[in-house]
Amino acid sequence: MHRTTCHWLFKTEPDVFSIHDLDSHQASMWDGVRNYTARNFLRDTVQCGDEVFIYHSSCKAIGIAGLARVSRQGYSDPAQFDANSPYFDAKSTRDAPRWYCVDLKLTQVFPKVIPLAVLKAQPKLANMMLIKQPRLSVSPVTDDEFAHILSLLE
């Protein structure tokens, strides 16, 4: 079976977890996702080896800050079981977890953030989920969108 998505865009607030918090030598857990659509992508579709744009939101320099690679596909987010975590979910059980996370490894920090305004100005990105559903924290990126975004670095 051929997968149509091998590229993703993951949003984060850099004051909570930035691209610089990712480690190129060790896996970093991408946890705390609490949206069912994003959860479904993490649980069902994101796979090891997939490339991920890291997108900084709710900050001064909003945009794509770099690239990471999925090093462990979806597994139960341990934060949902920790009563001291802001991501605790009392309705979630170990037998039936509600939330999932993945592990990422940093592959590239871009020399400068590709601003959201630049992304929105690209006709080739008009149908991108980032533009169509801007509040979604995990979204697929097509091969063409991925290549076009990388071309903006040149």
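1. Buried here means under 20% relative accessible area. Keep in mind too that this is a predicted model. With that cut-off, the buried residues of helix α4 come out as Glu145, Phe146, His148 and Ile149. Looking down the axis of α4, you find them within an arc of 165°, so they line one face of the helix.

2. What do the buried residues of α4 pack against? Their partners are the strands β1, β3, β4, β5 (100–115) and β6, plus the helix α2 (116–120).

3. Phe146 deserves a second look, as it makes a ring pair with Phe53: the two are tilted, with 4.8 Å centre to centre and 35° between the planes. Phe53 sits in strand β3 (residues 51–56) and Phe146 in helix α4 (residues 143–151), so this pair ties together parts that are 93 residues apart in sequence. Is Phe53 buried or exposed? Phe53 is buried, and Phe146 is as well.

4. On to the sheet. It is an open one of six strands, running β2-β5-β4-β3-β1-β6, and the pairing is mixed. At the edges are β2 and β6 (138–141), each of which pairs on one side only. From one strand to the next, the twist averages 40°.

5. Inside that order, take β3 and its partner β4 (residues 63–76): they pair in the antiparallel sense, over six bridges. If you want a spot to click on, Ile54 stands opposite Gly66 in β4.

6. Back to aromatics: how many aromatic pairs does a search of the whole structure find? It turns up six. One of them joins Phe10 and Trp30, again tilted, at 5.5 Å centre to centre and 50° between the planes. Phe10 belongs to strand β1 (residues 7–12) and Trp30 to strand β2 (residues 28–30), so the pair ties together parts that are 20 residues apart in sequence. Phe10 and Trp30 are both buried.

7. Phe10 and Trp30 also belong to a cluster: ring pairs link them with Phe17.

8. Finally, two arginines are worth displaying with their rings. Arg39 has its charged end over the ring of Trp99, 5.9 Å from the ring's centre. A charge counts as sitting over a ring when, among other things, CZ of Arg is within 6 Å of the ring centre. Arg72, for its part, lies over the face of Tyr75, at 3.5 Å from the ring centre.

Notes. Residues are numbered from 1 along each chain as its sequence is written. This is a predicted model: local features need pLDDT of at least 70, side-chain atom pairs count only at pLDDT 80 or more; totals for chains, interfaces and linings use all residues. Side-chain values use heavy atoms; hydrogens and water are left out. Rings of Phe, Tyr and Trp (its six-membered ring) pair if their centres lie within 6.5 Å; planes under 30 degrees apart count as stacked, over 60 as edge-to-face and the rest as tilted. Helices (H or I, at least four residues) and strands (E, at least two) are DSSP runs, numbered from the N terminus. Buried means under 20% relative accessible area, exposed over 50%, partly exposed in between (1.4 Å probe, protein chains only). A charge sits over a ring if NZ of Lys or CZ of Arg is within 6 Å of the ring centre and within 35 degrees of the ring normal. Two strands pair if DSSP finds at least two bridges between them. Axes are lines fitted to C-alpha atoms, for helices over the stretch in contact, and angles run from 0 to 180 degrees between N-to-C directions. The arc is that of the directions from the helix axis to the C-beta atoms. Contact means heavy atoms within 4.5 Å.
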